[in-house]
Amino acid sequence: MTAKGKTTADQQIGAIPADFQANAHIDADSYEKMYAQSVQDPEAFWGEHGKRIDWIKPFTKVKDTSFEPGNISIKWFEDGTLNVAANCIDRHLAKRGNQTAIIFEPDDIHEPAQYITYRQLHNQVSKLANVLEDLGIRKGDRVVIYLPMIPEAAYAMLACARIGAIHSIVFAGFSPEALAARVNGCDAKLVITSDYAPRGGRKTPLKSNTDAALLHCIHDPKVLMVRRTREQTTWVDGRDYDYGELMLEADDHMTPVEMDAEDPLFILYTSGSTGHPKGVVHTTGGYLVFAAMTHQYTFDYHDGDVFWCTADVGWVTGHSYIVYGPLANGATTVMFEGVPTFPDPGRFWEVCEKHKVNQFYTAPTAIRALMGQGDEWIEKHDLSSLKLLGSVGEPINPEAWHWYNEKIGKGKCPIVDTWWQTETGGHLITPLPGAIPTKPGSATKPFFGVQPVVLDPHSGQEIDATECEGVLCLKDSWPGQMRGVWDDHGRFEKTYFSDYKGYYFSGDGCRRDADGYYWITGRVDDVINVSGHRMGTAEVESALVAHVKVAEAAVVGYPHKVKGQGIYCYVTLMNDVEPSDELYKELRQWVRHEIGPIATPDLIQWAPGLPKTRSGKIMRRILRKIAENDYGSLGDTSTLADPSVVEELIENRMNKG
Ligand code: WT7
């Protein structure tokens with residue numbers, strides 16, 4: 001099952017429902033006109049759209065960007081000044097003080113939902129900004145946020161933005177080791193965490209994870225702890241501070257700090273094909289313009305709508321489409337602490353009904369998990385408030401697309417399949433729902449200002465023909481583009497601008513069809529996509545070889561029914577170690593512990609040897625094929641040092657059935 005969309009059925013066009021089109025912000029005509037202007041005259045286009053947010057000092061320069069090797073530099077609105085929190089909160093107070101900004105839906109169905117108005121948000125964020133200042137946090141300092149999906153996570157982001165501190169959120173599913181690497185990576189002065197993180201009826205001990213992580217930290221960050229479950233935790237006097245206590249006494253006035261457009265707003269660590277995760281840096285002005293504009297146009301958000309993005313704030317999707325984009329637009333945004341299947345597989349639809357959700361944005365992996373659970377979970381709920389559905393994180397396979405369309409959207413909601421990345425800040429290729437008819441499995445057309453090109457992977461040349469396949473690059477900058485890798489400009493240039501000179505290289509492959517629609521075919525590097533989460537195979541390999549019994553490991557992705565891709569590990573054990581079921585379990589547990597549950601291997605194959613070239617390089621291409629059970633096209637194996645290794649691996653794979 002792939003989303004490459006090669007069959008004719010997949011080419012069917014999802015027409016735009018007539019009443020949707022009539023009310024949409026952007027129709028087909030305006031899309032064509034605006035897109036043409038956005039690429040022909042980006043200065044004029046973004047000069048105009050940059051005004052959608054409030055500037056303290058208006059910009060006079062719009063775009064100063066270069067993808068030239070040796071001179072990579074990206075600046076947008078560079079002489080303007082602004083504050084992100086003021087844009088997401090203060091400027092809405094006059095008109096929307098009593099409107100709900102955030103609807104918080106807790107994990108436990110018996111706990112009441114919270115409705116936080118813009119005025120309350122202002123109060124909480126201002127207080128927390130004072131708490132941060134009292135803890136010694138100043139403009140430019142880094143703050144790590146390691147929290148469940150609770151309103152305090154949004155307060156923390158916005159409080160940092162209010163005083164100009166740079167936040168770096170670490171997903172609450174990450175291990176102490178992963179947390180420590182990120183705290184050290186950006187040299188954080190403070191970690192904001194909670195006692196526990198309730199999720200799906202279970203609890204992750206975030207505070208004790210933080211304690212464990214800080215044992216490995218070079219500097220001594222302070223810890224600010226939110227009491228979520230109010231259970232007992234350890235406490236280090238002089239290092240740990242109680243969020244609730246400090247908030248009680250905090251002043252609720254804090255003037256937003258004036259920031260330059262190019263001052264960093266946040267760092268978010270993401271996996272790459274080599275080495276440790278890298279700290280993707282986003283800045284203030286361009287990011288906010290792009291997050292807000294994509295939120296409004298891609299989801300066709302209108303005043304008063306209730307918007308729900310089911311992602312976690314630990315990922316970029318949560319940054320741009322739970323917090324910054326929606327709040328910059330004065331929207332009502334839902335924050336959900338739980339999981340789709342708890343307490344039962346009807347939870348998503350129950351929440352849609354309860355809060356009258358208008359736009360619903362989730363990942364194909366969640367859709368696939370729910371598809372198998374039976375229609376009764378949907379039929380129990382009134383989904384008539386839904387106007388639009390969104391998909392993100394991986395290609396959506398046509399089967400899931402049709403289910404989503406028919407069962408959830410009842411055939412009346414456009415589906416926006418949004419292609420983007422942590423690095424891009426917001427949507428790059430996506431249908432605008434009132435303008436672009438969809439095709440199941442295609443992210444369709446570029447957003448304004450975005451110029452996708454398909455390159456021949458061998459020659460690096462742009463392919464002119466409309467219908468083609470190759471690697472997906474971007475020809476010019478857009479305001480939401482990442483500005484660098486934290487503390488490592490060299491890595492920024494090497495990762496994104498060196499394989500194909502003059503372009504931003506996405507790491508994805510794609511196909512462009514005769515209508516100019518883009519179909520993402522998946523990563524072309526050593527990154528895999530597990531349940532819409534990005535995982536570097538190198539990270540899993542280093543975790544495996546850190547185990548005393550493991551001599552060598554190679555990790556690849558393979559097709560997985562629910563997760564999209566699963567984690568397939570070839571493991572060569574130390575000489576004196578015999579494979580066993582116990583060791584199999586132990587290694588899975590080990591990786592889970594080293595990185596976090598999302599990195600747990602799905603399959604481990606004991607490999608007496610790995611296919612290598614004569615120079616010792618592991619041939620992953622072959623390992624990928626074996627993992628996929630696709631032996632017919634192993635390609636050229638003549639450069640292998642020992643071809644018999646491959647036969648042995650195939651035999652073992654087949655024995656597994
Ligand atoms: C990678 C980026 C961007 C938010 C979530 C993931 C894959 C993302 C799609 C889509 C096909 C997609 C790509 C991309 N991806 N959206 N609609 N169709 N593939 O962010 O962790 O930075 O991962 O996710 O492979 O490169 P991320």
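**Exercise 1.** Work out whether threonine 317 is buried or exposed, and place it in the fold.

*Solution.* Start with the count: threonine 317 has 24 C-beta neighbours inside 10 Å, so it counts as buried. The cut-offs are these: 20 or more other C-beta atoms within 10 Å of a residue's own make it buried, 12 or fewer make it exposed, and anything in between is partly exposed, with C-beta atoms placed from the backbone. Next, the location: threonine 317 sits in helix α12. Helices here are DSSP runs of H or I with at least four residues, strands are runs of E with at least two, and both are numbered from the N terminus. Last, the company: leaving out residues up to four places away in sequence, threonine 317 touches Cys309, Ala311 and Val392. A contact means that the two C-beta atoms, placed from the backbone, lie within 7 Å.

Two things to keep in mind for the rest. Residues are numbered from 1 along each chain as its sequence is written. The model is predicted, so local features need pLDDT of at least 70 and side-chain atom pairs count only at pLDDT 80 or more, while totals for chains, interfaces and linings use all residues.

**Exercise 2.** Find out which residues the UniProt "binding site" annotation covers, and look at where they sit.

*Solution.* The UniProt record (an unreviewed entry) lists Arg199, Gly200, Gly201, Arg202, Thr317, Ser531 and Arg592. They span 394 residues in sequence and the farthest two C-alpha atoms are 23.7 Å apart, so they do not all gather at one spot. UniProt positions are in the numbering used here, feature names are shortened, and annotations may be inferred rather than shown by experiment.

Take glycine 200 from that list: it lies in the loop between β9 (197–199) and β10 (202–204). Glycine 200 has 14 C-beta neighbours inside 10 Å and so counts as partly exposed. Not counting residues up to four places away in sequence, glycine 200 touches Asp107, Gly338, Val339 and Phe342.

Phe342 has a backbone story too: the peptide bond from phenylalanine 342 to proline 343 is cis, with omega near 0 degrees. Proline 343 is in the loop between β17 (332–336) and α13 (347–355).

Now serine 531, in the loop between β26 and β27. Serine 531 isn't a glycine, yet its phi is positive, about 50 degrees. With 20 C-beta neighbours inside 10 Å, serine 531 counts as buried.

For background, most residues other than glycine have a negative phi, and most peptide bonds are trans.

**Exercise 3.** Describe how α11 and α12 pack.

*Solution.* The axes of α11 (residues 285–298) and α12 (residues 316–328) come within 8 Å and cross at roughly 90 degrees. Axes are lines fitted to C-alpha atoms, for helices over the stretch in contact, and angles run from 0 to 180 degrees between N-to-C directions. That makes α11 and α12 roughly perpendicular to each other. Angles under 35 degrees count as roughly parallel, over 145 as roughly antiparallel, 65 to 115 as roughly perpendicular, and the rest as oblique.

Then list the partners: Leu288, Ala291, Ala292, Thr294 and His295 in α11 meet Ser320, Tyr321, Tyr324, Gly325, Pro326 and Ala328 in α12. By class, the α11–α12 contact has 7 nonpolar, 4 polar and no charged residues. Here Ala, Val, Leu, Ile, Met, Phe, Trp, Tyr, Cys and Pro count as nonpolar, Asp, Glu, Lys and Arg as charged, and the others, Gly among them, as polar.

**Exercise 4.** Now do α8 and α9.

*Solution.* Helix α8 (residues 176–186) packs on helix α9 (residues 206–214) at about 60 degrees, with the axes 8 Å apart. α8 and α9 are therefore oblique to each other. In the interface, Pro176, Leu179, Ala180 and Val183 from α8 meet Asn209, Thr210, Ala212 and Ala213 from α9. Sort those residues and you get 6 nonpolar, 2 polar and no charged.

**Exercise 5.** Where does lysine 617 lie?

*Solution.* UniProt (unreviewed entry) lists Lys617 as "modified residue: N6-acetyllysine". Lysine 617 is in the loop between β30 (603–606) and α20 (620–627). Its 11 C-beta neighbours inside 10 Å mean that lysine 617 counts as exposed.
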